[in-house]
Structures are given as C-alpha cells and as structure tokens.
Amino acid sequence: MVSLGSLWLAIVISGVGVWIMQFLVWVALPHHKNDYRKLPDEDEARRSLTPQNIRPGQYNIPHVVTRADLAKPAVRSKFEEGPVAFLTVLPRGIPRMGKSLMLTLGFAIAVSLFAAIVATRALDTSDGFLDAFVVTGLVAWLAYGAAVVPDAIWFGRPWSAVAKQMLDALLFALVTGTVFGWYWP
C-alpha cells in the first residue's frame with residue numbers, strides 16, 4: 001500500500017505545475033479570448049445598473065422565487081420579452097490578482113491531494129508510471145472539468161466555452177498524471 005505521506009512532493013509539484021499551466025492557458029493561449037462578448041451598448045447597461053448599487057453576488061433576470069410564479073402572465077411575458085440572463089457582480093475596482101492567484105494555487109494543490117488519496121486506495125507500489133498517470137490524471141480531469149458542464153445545461157454557458165474548459169482540464173490532468181507517474185513510489 002502506498003502512503004499519502006510518500007506522495008507529498010507529487011502533490012505539491014503537480015499543484016504548482018497545474019497552476020503554471022493555468023496561467024499559460026489564460027495569458028498565453030488565444031482560445032479563451034472570445035469567451036465573453038461585449039454588450040451592444042455597454043455604457044447604457046452600466047448607466048442602468050449603477051444606480052441600483054448592486055452588491056457582489058449572483059443574480060438572474062427575470063427573478064423567480066417559486067415555480068408557481070412561472071404561471072403568472074406577467075412573469076411569463078418577462079421571459080418571452082427578454083432578456084433572460086444570469087449576472088455575476090464583483091466588488092468595484094480592478095480585480096485583485098494576488099488573492100485569485102493564491103486561491104487558484106490552493107485549489108490546484110487540493111485537487112492533487114484528492115487525486116493522491118484516490119491513487120493510494122486504488123494502486124500499490126508495484127504499479128508503475130502508467131497506472132499512476134491514469135488514476136491521478138482521470139481524477140484531476142474530472143475535478144477541473146466536470147463542474148462546468150452543468151453551467152451549460154442550466155445557466156446558458158456556451159457549449160463552446162465548456163468544450164474549451166474541458167480541453168484546459170485535460171491539459172491540467174496531463175500535468176497532474178505525469179507528475180504522479182514520475183514520483184510514484
């Protein structure tokens with residue numbers, strides 16, 4: 001049996017490796033450049049939202065409290081007239097990159113930790129590079145990629161953006177699996 005402690009270096013290195021790969025995906029590669037589109041009149045949208053002093057959070061338009069509301073003609077007409085939207089509001093000001101980068105690193109290390117936990121239960125020291133690569137890579141791919149699929153199903157996220165994130169997740173999984181394969185005891 002493989003102990004979790006024997007994989008601490010693989011956990012840290014794969015987490016840092018994924019963190020670097022995430023940076024490269026979002027900064028150096030061009031495939032996410034068109035994931036978000038500009039509103040036809042951004043300034044007018046900002047002018048109409050600013051007086052509402054919206055706190056950071058998630059919102060939907062039109063907002064429905066219960067399923068019974070969907071039977072009301074006024075609510076139904078709001079859906080038919082549009083727009084139907086989900087809106088995420090961030091705190092005012094330029095987003096703080098340092099905090100987001102550190103949280104991303106923590107998430108990558110956590111995914112690597114969970115991949116290691118699964119691998120210690122599924123594999124033995126007699127297993128080699130390929131076994132460690134497949135088990136940890138699959139866990140990582142699911143962790144990095146599967147969560148975006150329901151966003152497309154329920155919240156209208158474009159399937160093209162989901163496909164790109166699943167591809168990104170595959171890159172992160174390859175990093176994770178390779179590191180665990182190299183460091184497998």
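A residue counts as buried when its relative accessible area is under 20%. Keep that cut-off in mind for this tour of a predicted model.

**The whole chain**

Start with everything selected and shown as a cartoon. You should find 7 helices and 2 strands. Follow the chain from the N terminus, and the elements come in the order α-α-β-α-β-α-α-α-α.

Now turn the model around. Along its principal axes, the C-alpha atoms fill a box of roughly 65 × 35 × 25 Å. The radius of gyration is 21 Å, whereas a compact globule of 185 residues would have one near 16 Å.

Next, switch on the surface. About 12,600 Å² is exposed, and 67% of that comes from carbon and sulfur atoms. Of the 185 residues, 27% are buried. If you colour by charge, look for 16 positive and 13 negative side chains; the centres of these two sets are 8 Å apart.

One more overall view before zooming in: take the contacts between residues at least 6 apart in sequence, and 76% of them join residues at least 24 apart.

**First stop: Lys164**

Select helix 7, residues 159-183, and pick out Lys164 within it. Is Lys164 buried or exposed? Its relative accessibility is 15%, so Lys164 counts as buried, since the cut-off is under 20%.

What does the side chain of Lys164 reach? Show His31 too, and you can draw a distance of 2.9 Å from the Lys164 side chain to the backbone oxygen of His31. To see the wider surroundings, add His32, Asn34 and Asp35: together with His31, they are what Lys164 contacts once its neighbours within four places in sequence are left aside.

**Second stop: Ala161**

Stay in helix 7 and move to Ala161. Ala161 counts as buried because its relative accessibility is 6%. Then select Gly137, which is 24 residues away along the chain; a line between the two C-alpha atoms spans 22 Å.

**Third stop: Val111**

Go over to helix 4, residues 97-122, where Val111 is found. With a relative accessibility of 5%, Val111 counts as buried.

Which residues does Val111 touch, leaving aside those within four places in sequence? Display Ala140, Ala143 and Tyr144, and you have its contacts.

Finish by selecting Ser14 alongside Val111. These two are 97 residues apart along the chain, and their C-alpha atoms are separated by 9.3 Å.

Definitions and conventions:
Residues are numbered from 1 along each chain as its sequence is written. This is a predicted model: local features need pLDDT of at least 70, side-chain atom pairs count only at pLDDT 80 or more; totals for chains, interfaces and linings use all residues. Side-chain values use heavy atoms; hydrogens and water are left out. Helices (H or I, at least four residues) and strands (E, at least two) are DSSP runs, numbered from the N terminus. The radius of gyration is taken over C-alpha atoms; the globule rule is 2.2 Å times the number of residues to the power 0.38. Buried means under 20% relative accessible area, exposed over 50%, partly exposed in between (1.4 Å probe, protein chains only). Contact means heavy atoms within 4.5 Å. Accessible areas come from the Shrake-Rupley method with a 1.4 Å probe; for residues, only the protein chains shown count as cover. Lys and Arg count as positive and Asp and Glu as negative; His and the chain ends are not counted. The place of a charge is taken as NZ of Lys, CZ of Arg, CG of Asp or CD of Glu. A polar contact is a pair of N or O atoms within 3.5 Å; within protein, one must be able to donate a hydrogen and the other to accept it, and residues adjacent in sequence count only if both atoms are side-chain atoms.
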